[in-house]
Amino acid sequence: QVQLVESGGGLVQAGGSLRLSCTASGTTFRFIAIAWYRQAPGARRELVARISSAGITNYADSVKGRFTISRDNAKNTVYLQMNSLKPEDTAVYYCNCNWLTTDYWGQGTHVTVSS
């Protein structure tokens, strides 16, 4: 069983920054890829960024150049640094991993960007 716990969400003005954290337990963290997804009201959940066990990253086009995903294996934590936030970034952000063919999700953290 894998547990993922997100934190760091909140309310920020457009142009501001937030850093989300996802801390994992119940698995050998350094061997797994971690992804951030988000879901806006009335919209489908979408992939925001992903980091592999080797530290290879990929991003949705909508956040490239503004968001940075990173990991600290010593702390079992993945971060999502979000800069130049826009109102359209408002969503619930979820941490995700796949371990032994099972998908695991955190409870989500709310990010609200005001204009």
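A salt bridge is a side-chain nitrogen of Lys or Arg within 4 Å of a carboxyl oxygen of Asp or Glu. In this predicted model, Arg38, Glu46, Arg66 and Asp89 are linked in a network of such bridges. Side chains of opposite charge can pair when their charged atoms come close. A search of the whole structure finds four salt bridges.

Two of the bridges involve Arg38. The side chain of Arg38 meets that of Glu46, with N and O 2.7 Å apart. Arg38 also forms a salt bridge with Asp89, where the closest N and O atoms are 2.9 Å apart. This second pair links distant parts of the chain. Arg38 belongs to strand 4 (residues 34-39), while Asp89 sits in the loop between strand 8 (77-82) and strand 9 (91-99). The two residues are 51 residues apart.

The members of the network differ in their exposure to the surroundings of the chain. Arg38 has a relative accessible area of 6%. Buried means under 20%, so Arg38 counts as buried. Asp89 is buried as well, at 1% relative accessibility. Glu46, at 35%, counts as partly exposed. A further salt bridge joins Lys64 to Asp61, with closest N and O atoms 3.1 Å apart. Asp61 is exposed, at 66% relative accessibility.

Aromatic rings were examined next. The structure holds two aromatic pairs. In one, the ring centres of Tyr37 and Trp105 are 5.0 Å apart and the planes stand at 65°, so the pair is edge-to-face. Tyr37 lies in strand 4 and Trp105 in strand 10 (residues 102-105), so this pair ties together parts that are 68 residues apart in sequence. Tyr37 is partly exposed, with a relative accessible area of 22%. Trp105 is also partly exposed, with a value of 36%.

The other pair consists of Tyr94 and Trp105. Their ring centres are 6.4 Å apart and their planes stand at 85°, so this pair too is edge-to-face. Tyr94 lies in strand 9 and Trp105 in strand 10, so the pair ties together parts that are eleven residues apart in sequence. Tyr94 is buried, at 14% relative accessible area. Tyr37, Tyr94 and Trp105 form one aromatic cluster.

A charged side chain adjoins this cluster through two of its rings. Arg45 lies over the face of Tyr94, at 3.8 Å from the ring centre. Arg45 also lies over the face of Trp105, at 4.6 Å from the ring centre.

The nonpolar interior was considered last. The largest nonpolar core has 29 residues. Ile34, Trp36, Leu80, Met82 and Tyr93 touch the most other members. Several strands each supply at least two residues of this core. They are strand 3 (18-25), strand 4, strand 5 (46-51), strand 7 (67-72), strand 8, strand 9 and strand 11 (109-114).

Tyr93 illustrates how these parts meet. Leaving aside neighbours within four places in sequence, Tyr93 is in contact with Trp36, Leu80 and Met82, among others. Its contacts also include Leu20, Val48, Phe67 and Val111. Tyr93 touches Arg38 of the salt-bridge network. Tyr93 likewise touches Tyr37 of the aromatic cluster.

Technical notes: Residues are numbered from 1 along each chain as its sequence is written. This is a predicted model: local features need pLDDT of at least 70, side-chain atom pairs count only at pLDDT 80 or more; totals for chains, interfaces and linings use all residues. Side-chain values use heavy atoms; hydrogens and water are left out. Buried means under 20% relative accessible area, exposed over 50%, partly exposed in between (1.4 Å probe, protein chains only). Helices (H or I, at least four residues) and strands (E, at least two) are DSSP runs, numbered from the N terminus. Rings of Phe, Tyr and Trp (its six-membered ring) pair if their centres lie within 6.5 Å; planes under 30 degrees apart count as stacked, over 60 as edge-to-face and the rest as tilted. A charge sits over a ring if NZ of Lys or CZ of Arg is within 6 Å of the ring centre and within 35 degrees of the ring normal. A nonpolar core is a set of buried Ala, Val, Leu, Ile, Met, Phe, Trp, Tyr and Cys residues joined through side-chain atoms within 4.5 Å. Contact means heavy atoms within 4.5 Å.
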